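Let's take a stroll through this protein together. Have a look at the sequence and the 3D view, then read on.

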Amino acid sequence: LDRLRDAKLTSGYYHWGEPMTELFASKKYDDITYSKEAFFTAAQKGTLPNLTIIEPDYTVRSEYLGTSNDMHPHGDLTVGDAYIGEIYNTLAKSPQWERMVFVLNFDENGGFYDHVPPPTVMDDNVNPNPGPHLNYKQLGFRVPAIAMGPYAQKKIETAGPYEHCSILRMIEWRWGLSPMTARDANARNLAEALDFTKKRDTFTLPTLKPVTARACAHPQLALA
């Protein structure tokens, strides 16, 4: 965000009520923090920033009721699917769609079941805090990621490894920005998964109606 600002490019972070930008005590990102309603308005008008981030609903109450759209427990997955469809359909109708790539990314895996050993990556491995720390060169289990847009073809990408910093690498490549660390400087560019020689037609995702909107009880575990 700082590098985009220095390059006179625009950024926008859109949230439901619990903005992660408030974690910065400096408040320096308050001027690019907006409500989710502002996202839909900007998308329809074609005024979304160069870098647009929209989060799902992280509020504790909605998760407890089972109606959260962030796909965390105890949220209903159909609510999350409906939210993804709403975002895609909105962007596909935006005047900016022809120049856009929409990346749906998850920050965590769904369980300890991946059969692919996580690889390592290049990193400066510098810990700014004293004491022991994790090996930053070691990736974790795979997480879902989907690239959508006019140049994102219908396929399952098996080349790689792509990682979370691959999105940063694509942003830096697109606008000629300096990398933050060795991690994003050496990450595989997610833009390599796109085909700029072939434009894909848009489609409309069906409107999904969540199956449930009721309170979800905590699961009971029987330990032998």
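## A pocket to peek into

The second largest pocket holds about 230 Å³ of space. Keep in mind, as you look around, that this model is predicted.

Who lines this pocket? The lining of the second largest pocket is made up of M71, D81, I84, L104, F106, P144, A145, I146, M148, F203 and L205. Sort those residues by class and you get ten nonpolar, no polar and one charged. Asp counts as charged, so the charged one in this list is D81. Strand 5 gives the largest share of the lining, three residues, and both helix 4 and strand 5 supply at least two residues each.

## Backbone oddities

Next, the backbone. Most residues other than glycine have a negative phi, and most peptide bonds are trans. With that in mind, here are some spots to look up in the 3D view.

M71, which we already met in the pocket lining, has a phi near 65°, a positive value in a residue other than glycine. You'll find M71 in the loop between helix 3 (60–64) and helix 4 (77–92). Is M71 buried, partly exposed or exposed? Its relative accessibility is 23%, so M71 counts as partly exposed; the buried label would need a value under 20%.

K8 also sits at a phi near 65°, again positive and again not a glycine. Its home is the loop between helix 1 (2–6) and strand 1 (11–15). K8 has a relative accessible area of 74%, so this residue is exposed, the cut-off being over 50%.

Then there's the link from G160 to P161: this peptide bond is cis, with omega near 5°. To spot P161, go to the loop between strand 5 (145–148) and helix 5 (165–175).

## A three-strand sheet

Now for a sheet. Strands of a sheet pair through backbone hydrogen bonds, either parallel or antiparallel. Here, three strands in the order 2-1-3 make an open sheet, and their pairing is parallel. Why do strand 2 and strand 3 each have one side without a neighbour in the sheet? Strand 2 (33–35) and strand 3 (51–54) stand at the edges with a single partner strand each, so one side of each has no neighbour in the sheet. On average, neighbouring strands of this sheet are turned by 25° against each other, ignoring direction.

Zoom in on strand 1 and strand 3: they run parallel and are joined by four bridges. Along this pair, Y13 stands opposite I53 in strand 3.

Methods: Residues numbered from 1 in each chain as written. Predicted model: local features only at pLDDT ≥ 70, side-chain atom pairs only at ≥ 80, totals over all residues. Heavy atoms only, no water. Buried < 20%, exposed > 50% of the residue type's maximum accessible area, 1.4 Å probe, protein only. Pairing = 2+ DSSP bridges. Axes fitted to C-alpha atoms, helices over the stretch in contact; angles between N-to-C directions. 1 Å grid on protein atoms, 1.4 Å probe; cavity = no way out; pocket = protein on both sides within 12 Å on 5 of 7 lines; lining within 4 Å. Points joined across faces, edges and corners; volume = space filled by probe spheres on them.
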